[in-house]
Amino acid sequence: GRWGWQAAAFGVAVLAPFCLAVAAWPQPALALFIGNPRTVEIAAWPMRLLALAMLTDSFAWILGYALRGAGTTVAASATAFALQWAVQLPLSWWVGVHLGLGLTGVMAVYAARSVVEASTMSLLWRAWTRRRSGVPDLGGPAPRRIVVMGGAGAGKSTLARALGERLGLPVTHLDRLYFDPGWREVGEATFRDRVAIALAGEAWVVEGTYGAACEISLPRADLVVWLDRPAPLRLWRTWRKTRLGRRAPRPDRPDGCEEAFSLRYVLIVLSFGAWTRGVERSVRAIAARARVLPLNSDRQALQLLEALGAAPSLV
């Protein structure tokens with residue numbers, strides 16, 4: 001999933017010194033081809049826009065050809081064709097000729113189109129890698145100590161319960177250990193003691209993303225699963241959970257705690273939950289003996305359940 005980003009980033013890095021130099025000093029570059037000083041002066045700003053747009057355009061081109069090489073030829077080609085012929089050319093005429101902005105307007109349209117194309121190719125590449133990536137063959141005996149992590153609304157508790165039910169493992173929800181009735185935090189020392197007691201056995205599933213618990217659970221884990229879901233999806237799921245199921249009993253909710261969809265909760269959902277390289281390094285450093293699986297779709301979660309012999313259900 002990374003090689004497309006790496007190829008596009010490498011291309012931009014190679015072109016960046018040239019493009020930035022031309023954007024900063026367009027007159028010397030133009031003087032190599034144009035002898036009239038007045039023409040050089042008129043062309044300076046269009047040249048600056050062209051030089052800067054080449055960076056985003058090269059990113060779009062390289063990622064587009066990465067998609068073609070990966071097999072997504074129709075989507076990549078259709079995107080590039082439509083943006084150039086149905087968007088860029090008509091807009092260039094309208095801005096440059098009809099509005100009278102000339103070559104500067106034409107280059108501004110070109111720059112805007114390159115940004116849109118780069119963004120679209122990025123979304124296509126991300127979607128392609130999400131569809132193609134699956135759960136690798138786990139091999140060997142089924143894991144007996146599983147940690148399920150991720151952001152709020154990612155589906156941790158649902159997956160943990162499915163794993164526990166089908167593998168015959170006790171399930172621990174860390175929220176129930178961290179909060180007393182009324183959402184009162186129990187304190188780090190008490191929380192650590194509760195986690196240590198809950199995970200004293202040799203077989204368990206634990207779900208939740210608490211730093212203090214990670215120091216106890218991750219070193220002993222056989223399998224660590226991080227549910228990497230888009231923030232908008234997690235936001236919708238948390239709203240649905242707190243609003244539509246507020247009074248419905250749930251095994252992961254602490255006793256005596258009623259959920260509320262507040263601004264603070266929204267900020268937590270939006271700010272944390274992505275499987276970044278920093279998060280990956282931290283998790284792998286502690287879970288040195290575990291298999292670490294980032295899952296970025298419900299389909300992959302179902303594949304994991306099937307691979308472990310669990311029921312393929314995430315209702």
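Here are some notes on this predicted model, written as numbered points for a colleague who works with structures.

1. **The largest pocket.** A good place to start is the largest pocket, which holds about 1300 Å³ of space. Its lining is made by 42 residues. If you want a handle on the middle of the pocket, the residues nearest its centre are Ala-152, Gly-153, Asp-175, Lys-241 and Tyr-265.

2. **Which helices build the lining.** Five helices each supply at least two lining residues of the largest pocket: α6 (156–167), α7 (174–178), α10 (231–244), α11 (263–271) and α13 (298–307). Helix α6 gives the most, with five residues.

3. **Chemistry of the lining.** How do the lining residues of the largest pocket divide into nonpolar, polar and charged? There are 17 nonpolar residues, ten polar and 15 charged.

4. **A salt bridge between two of the pocket helices.** Arg-237 and Asp-298 form a salt bridge through their side chains, at 2.7 Å from N to O. This pair links distant parts of the chain, since Arg-237 belongs to helix α10 and Asp-298 to helix α13, 61 residues apart. Helices α10 and α13 are both among those that supply at least two residues of the pocket lining. The two partners also differ in cover: Arg-237 counts as buried because its relative accessibility is 16%, under the 20% limit. Asp-298, at 34% relative accessibility, counts as partly exposed.

5. **A salt bridge within one helix.** By the distance rule used here, the model has 13 salt bridges. One of them joins the side chains of Arg-113 and Glu-117, with 2.5 Å between N and O. Why are these two separated by about one helical turn? They are four residues apart in helix α5, so about one turn lies between them. Both Arg-113 and Glu-117 are buried.

6. **A loop-to-loop tie.** Arg-289 and Asp-222 meet in another salt bridge, at 3.1 Å from N to O. Arg-289 sits in the loop between α12 (277–286) and β7 (291–295), while Asp-222 sits in the loop between α9 (211–217) and β6 (223–227), so the pair ties together parts that are 67 residues apart in sequence.

7. **The nonpolar patch.** On the surface, Val-87, Leu-91, Trp-93, Trp-94, Val-97, Leu-99 and Leu-101 make a nonpolar patch of about 670 Å². One of its members, Trp-93, is placed in helix α4 (residues 73–98).

8. **The end of helix α4.** His-98 is also in helix α4. Is His-98 buried or exposed? With a relative accessible area of 52%, His-98 is exposed, because that value is over the 50% limit. His-98 and Tyr-65 are 33 residues apart along the chain, and their C-alpha atoms are separated by 34 Å.

9. **A backbone angle to look at.** Trp-183 has a phi near 60 degrees, a positive value in a residue other than glycine. Where is Trp-183 found? This residue is in the loop between β3 (179–180) and β4 (184–185). Trp-183 is partly exposed, with a relative accessible area of 32%.

10. **Leu-304 and its cover.** Helix α13 also holds Leu-304, which is buried with a relative accessible area of 0%. Leu-304 and Leu-159 are 145 residues apart along the chain, and their C-alpha atoms are separated by 9.7 Å.

11. **The N-terminal segment.** Arg-2 is found in the segment before α1 (3–24). At 42% relative accessibility, Arg-2 counts as partly exposed. Arg-2 and Arg-126 lie 124 residues apart in sequence and 9.6 Å apart in space, taken from C-alpha to C-alpha.

12. **Val-116 in helix α5.** Val-116 lies in helix α5 (residues 102–132). With a relative accessible area of 41%, Val-116 is partly exposed. How far apart in space are the C-alpha atoms of Val-116 and Leu-235, and what is their separation in sequence? They are 26 Å apart in space and 119 residues apart in sequence.

Definitions and conventions: Residues numbered from 1 in each chain as written. Predicted model: local features only at pLDDT ≥ 70, side-chain atom pairs only at ≥ 80, totals over all residues. Heavy atoms only, no water. 1 Å grid on protein atoms, 1.4 Å probe; cavity = no way out; pocket = protein on both sides within 12 Å on 5 of 7 lines; lining within 4 Å. Points joined across faces, edges and corners; volume = space filled by probe spheres on them. Nonpolar A, V, L, I, M, F, W, Y, C, P; charged D, E, K, R; others polar. Patch = residues over 30% accessible without salt bridge, like charges linked within 9 Å, V, L, I, M, F, W, Y side chains within 5 Å. Areas by Shrake-Rupley, 256 points an atom, 1.4 Å probe, with all protein chains shown as cover. Salt bridge = Lys/Arg side-chain N within 4 Å of Asp/Glu carboxyl O. Buried < 20%, exposed > 50% of the residue type's maximum accessible area, 1.4 Å probe, protein only.
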